[in-house]
Structures are given as structure tokens and as C-alpha cells.
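Subject: The structure you asked about

Hi there,

Here is the structure, ready for you to open alongside this message. Have a look first, and then read on for what turned up.

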Amino acid sequence: MTSKILIADDEPNILISLEYLMKREGFEVHVARDGHEALEVLRRERPRLVLLDVMMPGKSGFEVCQELRADESLQGTLVLMLTAKGRDTDVAKGLAMGADAYMTKPFSTRELVQKVREMLDGAPA
Amino acid sequence: MRERALMLATAAVAGAAALLLAVFGLGGGALVWSTLELGQREALAAALGDRMALLFMVAVALCAAVAGAAQPLIRRWIAAPARLGEQALAVVSSGVQRDLEAADGGPALQALAQAFNELARQREQLRRDIADEVARASRGVEQERNRLAALMSELTQSVVVCNLDGRILLYNNRARMQFRALSDAPTLADGAELIGLGRSIYTVFDRRLVAHALESVTQRVQRGAAHPSAQFVTVTRSGQLLRAQMAPVRAAEGDEAAGAISGFVLMLDNITREYEQESERERLLHGLTEGSRASLASLQAAAEMLEDEALEPAMRERFLDVVRDEARAMSRRIAGLAAQNAQGLATRWPLEEMLGADFVQAARRRIEAQTGLATGAGEVDESLWLKLDSYSLLQALGYLAQRLRDEFEVRALHLRLAAAPEGPRARLDLAWTGQAMSTETVMSWEMDPIATGSEASALTVRDVVQRHGGEFWFERDRVRHQAFFRFLLPLAPSAAAQEAAEAAFLRSESRPEYYDFDLFAGRESQRELDDRRLVELAYTVFDTETTGLQPSQGDEIIQIGATRVVNGKLLRGESFDQLVDPGRSIPEATIPIHGITPEMVAGKPRIDEVLPAFHAYARDTVLVAHNAAFDMRFLQLKEERTGVRFEQPVLDTLLLSAVVHPNQDSHRLEAIAERFDITVIGRHTALGDALVTAEVFLKLIPLLAERGIHTLGQAREAAQKSYFARVSY
């Protein structure tokens, strides 16, 4: 079974690598370049997991996460937040907004893949 | 008044004469009549009958003559003593030493006046003796207060002390400057509308904010905290950021309320600039960390993807683009940061602002004292303000001079100061004629700990330079056969320089009345203004100079001068003095009166600007003027146009003078001032007249009290009733 993944980030330079990486790992990958688009794709494609950047124009990752958690139909979606905000207060806020995990940029792609796998394996399908 | 009294007295004399004449004439007539025979009576009646009218006219003429003759006597024996009595009362109550005269009275009256003068002199002597005693006793207290005031005025932190009502009872120079910067629209009042003894601090700070801080201070006091102070930061109306630290003032020992809070001290810091710098630093740091994180993430991910053996060439090229792009972005970011950093954002060492020329002076003194070398000042740019750690920099200069003397036998040194062409910095050169030195020597001098005589310091010249975010090098001027050490030092921002210059200016003025501890006692009474006592009110005493006497026919104000009276004290230091461009010509004939020429008002603000400033200055006070109706009419005629209404009560010293001295001929300001022995300086400038009026007013208050006039309401009522009030202006 291929899991569907959404990558939401406004920086094309990271998006290109993440997209390549996740496809190589055998996931079905969708991308979104801002918060609005992310919610749109979430509702349309219902991915199992979303890699969500915090700093996005329009709607921030925090807001997207909050809306996602408020939406009954999207309950089960796993959220891995990716952000350049490294302060522990930001981590706390991300987790409070409903993120399942939090990774601070920069990160190693190997660890990212490992984290994604752990999350998918740990969660009931 | 005087003439009316004389007329009445004369009429009374004439009446008395008529009465006497009637009694004696009719009595005598009746007596004669009774001794006559019938025939004689008829003959007399026939003889007199037709001439009765003539007799009557003779009688009237006689009465008139008597009354006329009595007039000088009345003047001499009734009017003169009355006047003398009034003058005497004035001397008694005002306490002013002034010789009485009874030139129009008789010798006895003159003797009386002399005796009175002698008594007054004795009283004056006694009073002086007592005053000397008291002065000796209170000199100690006074000295302590002055010492406190002197201390306060020199502090570079601004301090304001208020009572629990928020009324200011002490402030210093620095506070005044700061409030001047805070003052928004009516700049003409120069901050004097915000800070002043007896003024409310709540015109600057939100009342709730201060109340909140005071509450937490009170709580801490009750808890017995060692340092019960509170702090708040507020944005003023003009957008400045002020940090205020509040500490309680507690009632002194021996007071019945000892220990209770009777007021508070505010220490104010304008942190606008620091805050801006801090925010800028924060922004840079933020940009550096978060921006770099994002770039690094892209770089790392791309690099890791490039390791993929199976990568197709097109995809490889895209990942390489990412790497190149992010590397460029990071370079740009670092370059931007370095540029801003160079503007002194990185300097954390607290530097003071100092006039460059002053520093050069200090450096020369230091070098001469330390090394005995002759120093000269080369070209020094007098306009430069530096940001310095002057102590360590002086040490460094002294150290270098000493090594030059000891190791290079240098005999004389020159100091130069100029703006650096390469940016917002100054060049400070320590120059000498003679031998150059090797780079190694310069390096070792720069890196050796600074040791001057017995003093050793852990610092090196390089440390000192780094503290300033500056540079230091050795250079040779072959043309002039000179060698020099050059320091690049940061310049102070121009605003700071201006502020410091103002501070220096203010400091050179005589110290005005900046404190009034009596205000501690006065809790604001909840009574209506009219019921409050004259002595406890705050007044704005003002005067205007105008182009003429007819405001309704186009005459305009050309000068407003005002001063404040608070708690029975005249506050000369808080005056308002403003020339006004009337927007019309100034009649030639009036110039000798007020001394204001068209050139003087050219370019001055118009009344539309000045009135709001004056209005703010007069806020929460009672207005006082001499012949106030005149000045008020000028102000009132502008109400509609400027929207500024002076609705506070007004007192008129002319009317009040008439209340206390109804029998005096003149109530002109000069005449009253002379009666009260007030020295008149600068009369016929608006401020000069306002100051005289204020002094007159202060003398009138106790005289009014003797007449049972204690409150504002009573004073206004008495003024209304005075004779002069009924004469139209």
C-alpha cells in the first residue's frame, strides 16, 4: 500500500528535494506552496501524512494545523512540522496546535525519512 | 471716591450751618417780636414782609460761605486723617516698610505720621532681628534642601516626585528636557505645559497606568519588601517610549502618618533609541538564524539528493541550481549583516556621548600630567560628538604617549580630530615629529597591557579600540615628517548630540525653583473651585501686549507673557514668553509703549498657534491679570476661530486692589507695585508685567484675608462689588 503524503512549503528549493526524496521512498506525493493550497489538497486528497512548513504566506503552518484538527473528516492525518523557527517556544506551540512531530531546519533527509516511516508505522492505518 | 466723600462732607457742613442759622435767626426773631408793641409789630411786618426773600437769600449765601470755608478744614481734618489711616493700615497689614506722609494735614497730624513711622521702623527692626534668628535656625534645613535640589539638577536621569494626587512637587533639569521632547502639538510652551510644580503628571501618563504601579508598590510596602518599587513602560502621545521606575515616598518619622505612602518618585528613561537598536539587533539576529536555517535545510537536502547514484542529469542540474542559489542567498545575508554591524550595532559596551573637543582637552591634560610632555591641539573639528568610553581611551592615550617619550625620545605631541571620510566615524590622531617605528613595535604596543606609572590595567590598546567598535593603526606622513597613531572612533547620533548640548545650555542657567515639598501636605480637596482657599490654588498670571486698545476693530495681540503661582510661590522658572505675528501692521505710535517692532514679530508664530500652547500652559489654573477684562476680551474674540476657550475663573488684580484699598487714587500697576514696594524690572514687556502682577497678587492675598476674603468665590464676589467694577472699561 502506498501512503499519500502532502508536502506544504513555500520555498521551491526545499520543495524540489523533499518531493524527489519522498517519491524515491515510494510515496504518492502531492505538493502545496502556501497554507490555502495545503488545506485544499488536504481536503481533496486526504493524505495520510503532511510535511508542514510553519512560515508560509497566506496561512501559516500553525493555522493550517489548527484548522485541520478542527475538521472531523480529516482526523487521522499525521502532521510533521518542519520549521526554521528553532526556539523551544515554537516547538511547544506547534505541538499544542496539534502537530504529531516537529523537526527543525536544517535536518538530515535520512532522519526525516526515518521519522516519517515511524509515524506511519505507529499509527493505525 | 475721594471727591465724592468731600462733597458729602461739604453738604453736611452746609446743612449744619443752615440749621444753626434757622435756630438762632428764628429764636432771636421770636424774642425781639415778643418785646414789641402792636403798632411796632405791624410796622416791622410791613417793613420786612416784602423783604423776607432777600433775608432768606442772605441766609443761604451765609450757609454756602460757611460750607466753602469748611472745605479746606474738611480736607485737613477729616480726609487727610482718613487717608493716613488707610496708608497706616496698609503698612500694618502688608508689612512693607514705607514712610507715611500727611502733607495735606495739620502739624499735629504730621507729628502723628512721624510717630507712626518711628513705630514702623521699630517694628521693622524687631522683625529683622527675629527673621535673622529664624534664618539662622533654618539655614541648615535650607542648605539640605538646596543640596538635594542641586544634586537632582545635575543628575543625568530624569526624576519627578509627585504627591498621591499626581501633582508634581519636584523635578530636575533632565526631566524638563525629556518632557520638552515629549510635548507634542503646542511646542511653543516648550514643555512647560507638561512639567511644572503643582501640575498633574497625568497629562503625560495614563492615570490608570500610574495607579496600577502605585498599587503594586503599596502592596509591596505592606508585605514589607526591601525595595518596594515598580516599573512600567509607556508610549507617549508623540510616540516616544518611556520607561518609568516608581519608588514610594513615605511620610517622615515624627509625622503622625509615619511610614504611610505620601507620594512617589518616578525615574524616567527615554528608551526609544535603545529599543529601536534592540529591535534592529533582534531583527538581524532573527534574519540570520531563521533565514540561515531555511537555506541550510535546502542545501543539505539538495546535497543529500545529489548523492543519489540513480539521479538523472536534468534532475542533478536542478539540485545543483538549488545549491548555487542558496549559497548566494546566504552570502547576501551575511554581507548585509556585516554592513549593519559596522554601524555600531554590535557594540555592547556602554559608551557615553561627549563633545570631541572636550575629549581632546581632557586627553591633553592627561598626557601632560602623566608624562610632562608638551601637547598641542592640531586641527580639531569642534562640531563632532563622539561615543566614547572616555576613561579607558584616556588611559590608552596616556600609555602610548609615555612609551613614545621613554622609547622614542619624543618631546612634543599633537592631537587632531576630524570626521572620517569613510563613514560615520571620527579620526583621532596622536601625532609627533620624528622617528617612525616598525610594524612589530606597533603590534607589540597594541597588544601589551596598558601600564601607566603605578597603574596597571588588564586592558590592551586593542581591547579599548574594540570596545569602541573602532580601529587603530600607525601611519607616516612623509611630507610633513610626521608620524601618528590613528584611532577610528564612533560618532554620536546627531539627536543625542543635540540633547546633550541642550543639557549643557540648561545647566548654565541659574537654577530655577524646581521643588516645593509643601505640596506633599495638600491632598486635593474635593470642593468646588469657588470654595477653595486662595492660598492653595495654582494660578497663571499673564499679560498681553497689543497693537492697540480695540480688539473688535482689528487690534491684535503681539506678545503673551505668563508666569505661575503655586502654593503661594512665584515660579519664575516656569514662565511663558512668546512674541506673536499679528498679521497686520504695528502702529508707529504704540512702539514706544511696548517696544515691539515689526521686525521682532516677523516670522513668529501666529495667534492661532500660540493660543493653543498658552491654553495648555494655563490648564488647571486660575487666570490672573491686571485689568483682566482687557486681556480676556482679546482672548475671547479668538475663541471662535481657534476653538480655544478659556473657561477657567479669572481674577483681576486691579479690582482686588480696589477691594483692599478703596481710598487710593490710583490702581495702576505701577502705583500698586510702589505701594507694595515691589521692584519693577522690564515693565512693558508682557512677561515683565506678568511678573509684577504676580508679585502684586501674592501681596494682595493676605490683605484680602484680613477683610475676610479667603476663597476664590469670595474674591470674585468682592471684586464684582468694588467700585471700579461698576465703571465700564
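To start with a spot you can find quickly: in which loop of chain B does B:Asn627 lie? The loop is the one between β18 (622-625) and α17 (628-637). Please keep in mind throughout that this is a predicted model.

B:Asn627 has a phi of about 55°, a positive value, although the residue is not a glycine. Its relative accessible area is 23%, so B:Asn627 is partly exposed. If you would like a landmark for B:Asn627, try B:His667: the two are 40 residues apart in sequence, and their C-alpha atoms are 9.6 Å apart in space.

B:His481 is another non-glycine residue with a positive phi, in this case near 55°. You will find B:His481 in the loop between β13 (471-477) and β14 (482-490) of chain B. With a relative accessibility of 55%, B:His481 counts as exposed, because the cut-off for that is over 50%.

Staying with chain B, here is the nonpolar interior. In soluble globular proteins, nonpolar side chains tend to be buried together. The largest nonpolar core in this model has 41 residues, and B:Leu428, B:Phe485 and B:Phe487 have the most contacts inside it. Helix α10 (residues 390-408) of chain B gives the most to this core, namely 9 residues. Which residues does B:Leu428 contact, leaving aside its neighbours within four places in sequence? Among them are B:Phe359, B:Val360, B:Leu393, B:Leu397, B:Leu415 and B:Leu417, along with B:Phe485, B:Phe487 and B:Leu489. Two arginines, B:Arg416 and B:Arg486, also touch B:Leu428.

Now for the helices. Two packed helices are described by the angle between their axes and the distance between the axes. One pair brings the two chains together: helix α1 (residues 12-24) of chain A packs with helix α7 (residues 272-306) of chain B at an angle of about 40°, with the axes 8 Å apart. Angles under 35 degrees would count as roughly parallel, so α1(A) and α7(B) are oblique to each other. Their crossing is left-handed. On the α1(A) side the contact involves A:Asn13, A:Ile14, A:Ser17, A:Tyr20, A:Leu21 and A:Arg24, which meet B:Ala297, B:Ser298, B:Ala301, B:Ala302 and B:Met305 of α7(B). By class, that contact has 7 nonpolar, 3 polar and 1 charged residues.

Within chain A, helix α2 (residues 35-45) and helix α3 (residues 61-70) cross at roughly 25°, and their axes come within 9 Å. That angle makes α2(A) roughly parallel to α3(A), and the crossing is right-handed. The contact is made by A:Gly35, A:Ala38, A:Leu39, A:Leu42 and A:Arg43 from α2(A), together with A:Val64, A:Glu67 and A:Leu68 from α3(A). Those residues divide into 5 nonpolar, 1 polar and 2 charged.

Two last places in chain A. A cis peptide bond joins A:Lys105 and A:Pro106, with omega about -5°. A:Pro106 sits in the loop between β5 (101-104) and α5 (109-122). A:Lys105 also appears among the contacts of A:Thr83, a residue of strand β4 (residues 78-83). Is A:Thr83 buried or exposed? Its relative accessibility is 0%, so A:Thr83 counts as buried. Beyond A:Lys105, A:Thr83 touches A:Asp53, A:Val54, A:Tyr102, A:Met103 and A:Thr104, not counting residues up to four places away in sequence.

Best wishes

Notes. Residues numbered from 1 in each chain as written. Chains lettered and ligands numbered in written order. Predicted model: local features only at pLDDT ≥ 70, side-chain atom pairs only at ≥ 80, totals over all residues. Heavy atoms only, no water. Axes fitted to C-alpha atoms, helices over the stretch in contact; angles between N-to-C directions. Helix = DSSP H or I, 4+ residues; strand = E, 2+ residues; numbered from the N terminus. Parallel < 35°, antiparallel > 145°, perpendicular 65-115°, else oblique. Left-handed = near helix turned anticlockwise from the far one by under 90°. Contact = heavy atoms within 4.5 Å. Nonpolar A, V, L, I, M, F, W, Y, C, P; charged D, E, K, R; others polar. Core = buried A, V, L, I, M, F, W, Y, C linked by side-chain atoms within 4.5 Å. Buried < 20%, exposed > 50% of the residue type's maximum accessible area, 1.4 Å probe, protein only.
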